Amino acid sequence: MFGVVKMERVRLFVVVASILVMCVVRRVGGEEVADTLSACDFPAIYNFGDSNSDTGGISAAFYPMASPCGETFFHRPAGRGCDGRLMIDFIAKHLGLPYLSPYLDSLESNFRHGANFATGGATIIRYNESWFQNGVSPFSLDIQIAQYQQLKSRTTSLYNRAKKQPHRFPRVDDFSKALYIFDIGQNDVAAGIRKMSDEQFQAQIPDIINQLATAIRNLYDQGARTFWIHNTGPIGCLAVTLHYLHNPSPDYVDRRGCVKFQNDMARQFNRALKQKVFQLRKELLLAAITHVNVFAAKYKLLSNAKKHGFLDKTRICCGYHEGSNHVYCGNKGIINGTQVYAGSCEDPSLYISWDGVHYTEAANHWIANQLISGSFSDPPLPITNSCHRLQPL
């Protein structure tokens, strides 16, 4: 009898808890988001990543981005591997913040509202490769974190000496209130595809994910509290990869025509990342950590390109790709004795792929809108509420 009563009390508690939860959540875009949470007032964004969010870092470190990159929005090359803006640009705009200055850019940078440490080709762990060999950035995640530490340390030191904050420098108090975004890992998956067997890559994944977790812990120990962590996208759906496919066997591609084993490797990485995020939530008790399923958002667009107003995912806007002849975006080449300039398409807004690897501004805008709404987030909160730590029932 005592057991029955106890069980009924447990059921009553669950019902009451469920009712309370229902009172404070509502449905938006198919996901539950907190209705009573106040909007977060992020004074700054600090971003760590690769070319998917690089606003000019690798361009400042090596060679400047060439035309026609930047033509759609900036009307000039702006350090982005895109015709215009990236997802990070749309995130900043949505939060009412200016576009992030790349940390490595020595001219016209303004770090009052954050900094971008992302560089094209960046990886989470270090590989014995180079920018000139395989396009791998020397600014891996640990270096990006070290750059952040230097920015924070020097900002604090200058403030303590001058007792005032230069207008281009971050406010010291804003470091703990800022949003910390991670959009990195695609090049680690690419290295796995390029250099390893599936078994070797699976064995490498824990080290990759642990390096990322170390970076998050490092920032947390320095006062960071809000983290927005992207998983990696469907690398097997990149247009440059699909261009090389000619009558592939049914088991080589998935039902959407993407390279199955490459996407499977990305999914392996993503599963381990999500598990690590759950672990970090239990460990970093003052942190609000959002896991963002970029893979699902991009796959949704790539799988239904026409429905969302785009041409087929295999179409590439910028570059010359005919048969076995390839001249990449912004370059010149000799095809059949004739010089060819690999320029852009007439209307980039119709294309998902800008140069075969990176997305167009139009595609980035579509994906960013999905992400900032919370539709692909865990917990399912829009980015404007991501500073709130939700306790599980």
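**Aromatic pairs**

Start with the rings of Phe, Tyr and Trp: pairing those whose centres lie within 6.5 Å gives 19 aromatic pairs in this predicted model. Select Y148 and Y180 to see one of them. Their rings meet edge-to-face, with 5.7 Å from centre to centre and 80° between the planes. Y148 belongs to helix α5 (residues 141-162) and Y180 to strand β5, so the pair ties together parts that are 32 residues apart in sequence. Are Y148 and Y180 buried or exposed? Both are buried.

Now select F295 and Y299. This aromatic pair is stacked, at 5.9 Å centre to centre and 20° between the planes. The two residues sit four apart in helix α10, so about one helical turn separates them. F295 has a relative accessible area of 8%, under the 20% limit, and therefore counts as buried. Y299, at 13% relative accessibility, is buried too.

To see a group of rings, select Y46, F48, Y103, F111, F117, Y148, F175, Y180, F182 and F227, which form one aromatic cluster.

**The sheet**

Switch to a cartoon view and find the strands. Six of them make an open sheet, in the order β4-β3-β5-β6-β7-β12, with mixed pairing. The edges are β4 (114-116) and β12 (377-378); each has a single partner strand, so one side of each has no neighbour in the sheet.

Begin at the β4 edge. β3 and β4 run parallel and are joined by three bridges. Select Y46 and A115: A115 in β4 is the bridge partner of Y46.

Move on to β5. Strands β3 and β5 are parallel as well, paired over five bridges. Select I45 and L179 to see one place where the strands meet: I45 stands opposite L179 in β5. Beyond β5 comes β6, also parallel to β5, with four bridges between them. Which residue of β6 is the bridge partner of L179? It is T226.

**Strand β5**

Stay on β5 (179-183) and show its side chains. L179, I181 and D183 point one way, while Y180 and F182 point the other way. Why is β5 described as largely enclosed by the rest of the structure? Five of its five residues are buried, so the rest of the structure encloses most of the strand.

Next, add helix α7 (198-221) to the view. α7 lies across β3, β5 and β6, and runs at about 170° to β5.

**Helices α6 and α3**

Select helix α6, residues 186-195. Its buried residues are Q186, D188, V189, A191 and G192. To see what they pack against, show α7 and α9 (260-283).

Then select helix α3, residues 87-94, which is mostly covered, with six of its eight residues buried. Which residues of α3 are buried? They are M87, I88, D89, F90, I91 and A92. Among the elements covering them are the strands β3 (45-49), β5 and β6 (226-230), and the helices α10 (294-303) and α11 (361-372). Past the helix, look at G96: its phi is positive, near 75°.

**N231 and its surroundings**

Select N231, in the loop between β6 and α8 (239-243). N231 has 4% relative accessibility and so counts as buried. Its side chain reaches the backbone nitrogen of V294 at a distance of 2.8 Å. Now show its contacts, leaving aside neighbours within four places in sequence: N270, L273, H291, V292, N293, V294 and F295. The last of these, F295, is also a member of the stacked pair with Y299.

**The whole protein**

Zoom out to finish. The protein has eleven helices and twelve strands. Of its 393 residues, 50% count as buried. Show the surface: the accessible area is about 18,900 Å², and carbon and sulfur atoms account for 53% of that area. Taking contacts with a separation of 6 or more, 71% are between residues 24 or more positions apart.

Note on methods
Residues numbered from 1 in each chain as written. Predicted model: local features only at pLDDT ≥ 70, side-chain atom pairs only at ≥ 80, totals over all residues. Heavy atoms only, no water. Buried < 20%, exposed > 50% of the residue type's maximum accessible area, 1.4 Å probe, protein only. Contact = heavy atoms within 4.5 Å. Areas by Shrake-Rupley, 256 points an atom, 1.4 Å probe, with all protein chains shown as cover. Pairing = 2+ DSSP bridges. Polar contact = N/O pair within 3.5 Å; in protein donor to acceptor, adjacent residues only side chain to side chain. Axes fitted to C-alpha atoms, helices over the stretch in contact; angles between N-to-C directions. Phe/Tyr/Trp six-rings, centres within 6.5 Å; stacked < 30°, edge-to-face > 60°.
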